[in-house]
Amino acid sequence: MNWTDLCASDDIEADDLITLEHDGHLYAVYHTDSGEYFCSDGRCTHEQVDLGDGLLMDHLIECPKHNGRFDIRDGSPKGAPVCVALRTYPVRIEIGRVLVNLAS
Amino acid sequence: MIDILAPLRFSSDRDYSLHGPARETAIEAGLASADWYRTPVDRKVMKELMKRSDGPALRDTAIWVALLLLTGALGVALWGSWWAVPVFAVYGVLYGSAADSRWHEMGHGTAFKTRWMNDVVYEFASFLMMRNSVVWRWSHSRHHTDTIIVGRDPEISMMRPPQLILLVLKTLGITAIPSEIAKLIGHARGKLSEDEADYVPQTEWPRAFLVARIHVAIYAAVVLACLIAWSLLPAMLIGLPRAYGVWFLIVVGLPQHAGLAEDVLDHRLNARTVLMSAPVRFIYSNMNYHVEHHMFPMVPYHALPRLHEVVRHDCPDPCPSLFAAWREILPALLRQLRDPDYFIVKTLPHGANQQARP
């Protein structure tokens with residue numbers, strides 16, 4: 001698999017997320033309270049709002065504009081007004097870096 | 001679907017429908033699904049403000065439901081005497097006005113931490129307000145995407161020129177039931193209006209029709225109960241309070257956007273924050289902090305007073321009272337009768353960040 005180095009693992013506080021651009025595409029990287037990392041597309045599938053200002057609650061990300069929710073583990077929609085799943089990407093942490101398989 | 005209130009509207013060249021030329025104009029001007037101004041707030045502070053908990057909403061919902069039950073039971077006990085009048089007046093406000101802000105908060109899903117609690121109260125409050133919970137969820141979502149953007153926002157309550165006859169009839173509760181029941185019956189028959197079809201995804205339509213059928217069945221049962229008992233009492237408890245209790249909602253709710261700019265991408269210019277007393281804020285679920293709510297819809301209603309303090313340096317001065325708000329609004333509405341292009345320009349404080357002006 002082709003892994004892309006997106007950021008340092010300590011760029012993201014526990015129980016929070018950041019969004020960052022890579023090759024013109026916005027990605028969201030999540031760091032849960034339990035120390036897990038996940039990655040998804042950075043824009044809500046409803047109105048393309050940047051999820052970076054959203055609220056992470058365990059494994060749910062809530063969009064800052066319309067409060068739609070996704071499960072960050074598989075991107076599945078978990079509350080209106082979102083109906084379409086968020087694309088997610090495999091993540092691994094290596095020497096303090098967040099590596100993401102963007103080709104998956 | 002037929003708009004039964006259409007004959008009561010003043011004719012105007014301005015087109016607020018979501019399928020007319022204003023829609024294309026808004027899209028071409030970049031006003032649809034646009035980026036809106038938000039006061040910069042430190043992420044740690046914002047995370048604290050957004051934090052969810054069940055406690056405040058459980059407390060406030062319990063008080064609200066208890067007051068509804070208490071005044072409803074008292075109304076039944078006093079039915080037939082003049083003492084029932086003030087009791088039903090209070091019951092009506094708790095039903096036809098307080099349910100609106102509960103509908104709103106639960107619709108955002110921020111009031112409770114536990115999602116199903118939001119959903120249960122959302123369905124209950126939607127029923128009380130005679131609103132299709134599915135259709136209105138999407139309507140409100142659009143209102144937040146395109147707040148007071150003509151041709152895009154389905155929730156512009158004061159169009160220009162202001163429909164003052166309709167406003168009086170709405171405040172007196174005369175239009176609410178015929179208008180909302182007509183919509184519900186349309187939905188129950190499997191029809192959405194052209195505007196509704198614009199913002200409700202097709203996948204949601206079957207659920208919208210089901211909800212409408214349930215609501216219509218309950219209201220039909222209430223009418224039947226009135227006929228069997230040959231008394232208005234069942235309808236005084238379920239249905240009619242939507243009409244006789246809505247006046248309070250209009251008094252506190254209309255100032256949200258009335259008289260302010262259209263087609264701007266800055267909630268400080270098209271929404272209004274009004275300072276209100278604690279009892280009124282309880283009934284209205286703190287929606288008087290309306291600029292703050294639109295800027296940061298993730299913040300639960302109980303944290304809005306704190307958010308107000310965080311962003312007030314960057315926002316226009318709030319109206320100090322409801323009276324002050326209406327003193328600002330009424331002359332503007334009267335002027336808009338003659339000059340529909342007129343609106344109140346909110347002054348940003350010295351040093352505030354500037355954004356798109358109308």
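## Two helices that meet

Two residues are in contact if their C-beta atoms, placed from the backbone, lie within 7 Å. Keep that rule in mind as you look at this predicted model, starting with helix 3 and helix 4 of chain B. From helix 3 of chain B, the residues that take part are B:Trp64, B:Leu67, B:Leu68, B:Thr71, B:Gly72, B:Leu74, B:Gly75 and B:Leu78. Their partners in helix 4 of chain B are B:Ala84, B:Val87, B:Phe88, B:Val90, B:Tyr91, B:Leu94 and B:Tyr95. Sorted by class, the residues of this contact are twelve nonpolar and three polar, with no charged ones.

Two packed helices are described by the angle between their axes and the distance between the axes. Here helix 3 of chain B covers residues 55–78 and helix 4 of chain B covers residues 84–96; they pack at an angle of about 150 degrees, with axes 9 Å apart. Angles over 145 degrees count as roughly antiparallel, so helix 3 of chain B is roughly antiparallel to helix 4 of chain B. The crossing of helix 3 of chain B past helix 4 of chain B is left-handed.

## A second pair in chain B

Now turn to helix 7 (residues 133–145) and helix 11 (residues 205–229) of chain B, which pack at about 125 degrees with their axes 7 Å apart. That angle makes helix 7 of chain B oblique to helix 11 of chain B.

Which residues meet in this pair, helix 7 and helix 11 of chain B? On the helix 7 side they are B:Ser133, B:Val134 and B:Val135, and on the helix 11 side B:Arg207, B:Ala208 and B:Val211. By class, this contact has four nonpolar residues, one polar and one charged.

## Where the chains touch

Helix 7 of chain B appears again at the boundary with chain A. In total, 16 residues of chain B are in contact with twelve residues of chain A. Helix 7 of chain B gives the most to chain B's side, with five residues. That side of chain B divides into five nonpolar, eight polar and three charged residues.

## A look at chain A

What is chain A built from, in helices and strands? It has zero helices and eleven strands. Its C-alpha atoms fill a box of roughly 40 × 25 × 20 Å along the principal axes.

For 104 residues, a compact globule would have a radius of gyration near 13 Å, and chain A agrees with its 12 Å. Of the 104 residues of chain A, 38% count as buried. Among chain A contacts between residues at least 6 apart in sequence, 38% join residues at least 24 apart.

Conventions:
Residues numbered from 1 in each chain as written. Chains lettered and ligands numbered in written order. Predicted model: local features only at pLDDT ≥ 70, side-chain atom pairs only at ≥ 80, totals over all residues. Helix = DSSP H or I, 4+ residues; strand = E, 2+ residues; numbered from the N terminus. Rg over C-alpha atoms; globule rule 2.2 N^0.38 Å. Buried ≥ 20, exposed ≤ 12 C-beta atoms within 10 Å, placed from the backbone. Axes fitted to C-alpha atoms, helices over the stretch in contact; angles between N-to-C directions. Parallel < 35°, antiparallel > 145°, perpendicular 65-115°, else oblique. Left-handed = near helix turned anticlockwise from the far one by under 90°. Nonpolar A, V, L, I, M, F, W, Y, C, P; charged D, E, K, R; others polar.
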